[in-house]
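Hi everyone, thanks for coming. Today I'd like to walk you through the empty spaces inside a protein, and then stop at one residue. Here it is on the screen.

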Amino acid sequence: MFLNRPAFLLATGVTLLALAFPAQAQTPSGIRGVVMDKDLQPLPGATVTVSNPSLGVTAQGAVTDAKGEFRIAPLPPGRGYSLTVSFQTMSTVVIKDIEVSAGRLGLQQVILRPSSEMRERVKVTAKTDVVDTSTAATSTVISSEFIDALPILGRNYQDVLTLAPGVSDVNGTGNPNIHGARSTDVITLVDGVSTTDPVTGQRGQELNIESIQEIEIKTSGASAEFSRGQGGFVNILTKSGGNEFEGSFKFFWRSNIFDGDGAGIDSPLLHGGLGAVGLRDLKFNDYLPFLSLGGPIKKDKAWYFFTAEYIQQQTPVNALTQAFVQTTKEKRVFGKLSWDVSSNHKLVFTATIDPQENLNQGLNSFITVEAGYTDKAGGTNLVLKETSIFNPNVFLETTVQNFRSVPQRVPTLDADTNGNGVLFFDRNGNSFIDANERDPGEDYDRDNKWDVFENGPANDYDKDGRVTPPGNFAGTGSTGGCEGAFREDLNCDGLLNNGLNPNQPLINEDTNGNGKCDFNLGERDINGDGICGLVNEDRNGDGILADRFFLLNNEDRNGNGVCDVYPDTPHQNEDLNGDGICGRTEIFADEKGNTGNFYPYRRITPLPRDRDYTFDNRSNRINGPYNSDFSGDRGRVTLRQDLTVFVPDWHGQHEMKIGGKIEREHYSQTTDLRPFILDNVGPVNSAQRIPSVGVILPAENSVANEATSTTVGLYITDTFKPRPNLTINLGLRFDREATDSFGYTPFDPARQR
C-alpha cells in the first residue's frame, strides 16, 4: 500500500495581517540597540563589540547605521555578555552582565559623552524587554538556573513543562498535552531538530537535565517555521563549553536502609499479612550519580561540554499474593564540540545516548515474576550544525541529524528454558507452529525418563539424527529402545550403549550385571580394563562401573552394605576417597554431601522440555516465559537550512527567515509470538476443573512490519516593523508527506485452514 498525502499549510501575507491568527518567526538570539549622544541624537558609525569568554564569544561586532542602530546576531544564549561601544572623540562605554535569551534580541540604549566630560565610571546592567512587541506567540521560557532551584523529584526535564500555563500531564507519563490537545501533538525540538518518536508521536529521547541551557514551551502562535504539531512545541537549547573550565559531580542515593516504609513495612491489614513477610524482606537502592565537564580545547577557538549520569530506580511492589521490585536503569550521556573555524564560520557537533531498561514489567498478583518481561528503549541522536555569517545582517544555519531508537521486549525467563537452542520442530512442514511442536527436549512424555518413541527416520522427533530401530533385543521385550543423552539405550536398562559397532549394538553392555564381560552373551571389554563397556556406564567418572541394581544410589557393588577396599585391584574399590563411605550420585556433591569436593558429577537425566506461558485455571496464576517478544528499529534523518536576513531600512525594518527541511523517517519491528497454554480447563459454563490442557495459538508466530516516510517543508516568514511601535508578522509554509508501507494482508480463517 502506498499512501501519498499532501498537506498544504498555506497562509498568505494578507491573511496573516489579521490579528486573529498571527504567525511569529523564530527570532535569532542576539543584541540590538541604539547609540546616541548626550542630546539623544543618533550616532552613526559607532563601533559596537560583544564578548563572552565563558561562552567562547570573542569580539563579535557591528557598526551603527544612519539611525544609530546596531544589531549583533546570532549569539549563543547565556549570561555574562559584555557590550563595548566606542566613537571618535567620545568616551568608551562598557555594559556588563548582559543576558541573551533564546530567540530574543535584547534591546540596549547607549549614550556616549565627549571624553572631556567624563568624570566618573558608570556600571550599567541591561535586561531584555519586559514585553517583546516583535512576537505574537505565547510561550514560557525556563532557564537552567530556574531548573536548578526547583525541588524536582527526579532527573527529568518533563517535570518542569507543566509549569507553563496551559500545559498539563495528568497521568505523569512525561508526554504533556497543551490546551487539551493530544500528547502526540507536542513536538520536542533539541537544538532545532525533532526528537519525537516517529511511531508513537511522543517523546523519543531522555535528556540529561545537566545538558539543558534553556527550555521554551510554545503553547500558541507558533510561526511558519514550525510544523507537524497541532498542540505546541518544546524547544530545548543545550549547553556549550567556554574558555573557562567548569565541572560538577553529584550523587543521590535512596535505599531501604534509610527508607524502611519504602520497602513496604505497613499495616498487614492492607494486604492480607504479606507486608510483614514479603515486602519487608525486599531491598531496593536508587542510585543517581552524574558528572558534567566543560572547557576549552583551544582557547578562543574550540570548546567541549560533556555530561553523563546513571539512573537506577527500584520500586517495591505489593501485589497481594507476591512482592517484587520493579527496576529502571538508564544512562544519559551528552557531549558537544564547538569550533570556530573562522570569525564568520562555526561548527557544532552534539551526541546524545540514552539506553533504558525497565525490568519486571507486566506483573500483578496472578502473574509470577518469572512470567514478566523487560522493556528496553533509547538510542542515539547525532546532530551537526554549521553557521555561516556573511555579514552582521545575513547568516545561514545548516543542520544534519541522525536520530535512532531501538526498542525491545525481552521475557524475564528465556523461552528456550532447556538451553538446547531449539524452540520448535515444524514436523508437518506447514510453516505453522502447533502446540505439540514445541521442543520436547529428550523427555517427550514428561516422565523424567528416557523415552521409547522413535522407530524410524520419519519419527526422529527431537531432530538429533538418532532413531530407535524396531525390533526385540536380548529378550527384553522391547519393541523399540530408549534414548540416552549421547547415544541410544537400545535395551532400556538405563545403561547407554557405546555405539562403536552399530551391527552389534549390545556388545558394549554388561547385560546381566555380574561385573564380568561374558563373551558368550555378546558382552565385550572394549578398553581391556576387565570391565564391560567404556565410560558410558561410569556415572561419576572414576572409571568404575556402578552396580546395576543400585545405579542411582551408590556404588556398593556387591551389595553387602560395606565399602570394600581392594589394594591389589584398585579399580574394584567401592570407597572412592577412603572415608569408609560408599560413593553416592548426589547432584554436584561429593560422597559426604559436601559440594565441590573430590568427585563432583551430575546424574544423567533426560533433557526436559521447554516450558510455556501457562495459565492454571485452578490457581488462577500464570507462570513460565512470557509468550511474546519484539525488537524494533525506528528513527529519522533530517537535513535543515535556515537563512536569516535583516533589512534595517526598507519601508521599515524586516526580519526575514527563509528555510526548508527534508525528513526521512523509518520504522521496522519483528514480533515473535508463542502458544499460551491453559492448564486444568473445564467444560463451558461449568465451574468444574479437569486435568486437561487447552491452548491459544497465535495466527502468525513471527510478524515483521516496516514503513518509511519522507516529509518536505518550505517556509518564509517576515517580521515587519513599519513603525517602532508596530509589528506585523507574515508567514507562508508548504508541507508534503509521503508514507510507504505494505499495509494489511486479508485473512480468511475458513479458507486458510
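There are 4 cavities of 30 Å³ or more in this structure. By cavity I mean a set of points on a 1 Å grid over the protein atoms alone where a 1.4 Å probe fits but cannot get out; lining residues have an atom within 4 Å of a point. A volume is the space filled by probe spheres set on the points, which are joined across faces, edges and corners.

Before we look closer: this is a predicted model, where local features need pLDDT of at least 70 and side-chain atom pairs count only at pLDDT 80 or more, while totals for chains, interfaces and linings use all residues. Numbering runs from 1 along each chain as its sequence is written, and side-chain values use heavy atoms, leaving out hydrogens and water.

The largest cavity has a volume of about 80 Å³. It is lined by 13 residues, and G174, N175, P176, T188 and R203 are the closest to its centre.

The second largest cavity holds about 70 Å³. Its lining includes R79, E99 and E145.

Now for our one residue, Q314. Is Q314 buried or exposed? Q314 is buried, because its relative accessible area is 16%, and buried means under 20%. Its side chain reaches the backbone nitrogen of N285 at 2.8 Å. The side chains of Q314 and T327 also share a polar contact of 3.5 Å, that is, a pair of N or O atoms within 3.5 Å, one able to donate a hydrogen and the other to accept it; residues adjacent in sequence count only if both atoms are side-chain atoms.

Notes
1 Å grid on protein atoms, 1.4 Å probe; cavity = no way out; pocket = protein on both sides within 12 Å on 5 of 7 lines; lining within 4 Å. Buried < 20%, exposed > 50% of the residue type's maximum accessible area, 1.4 Å probe, protein only.
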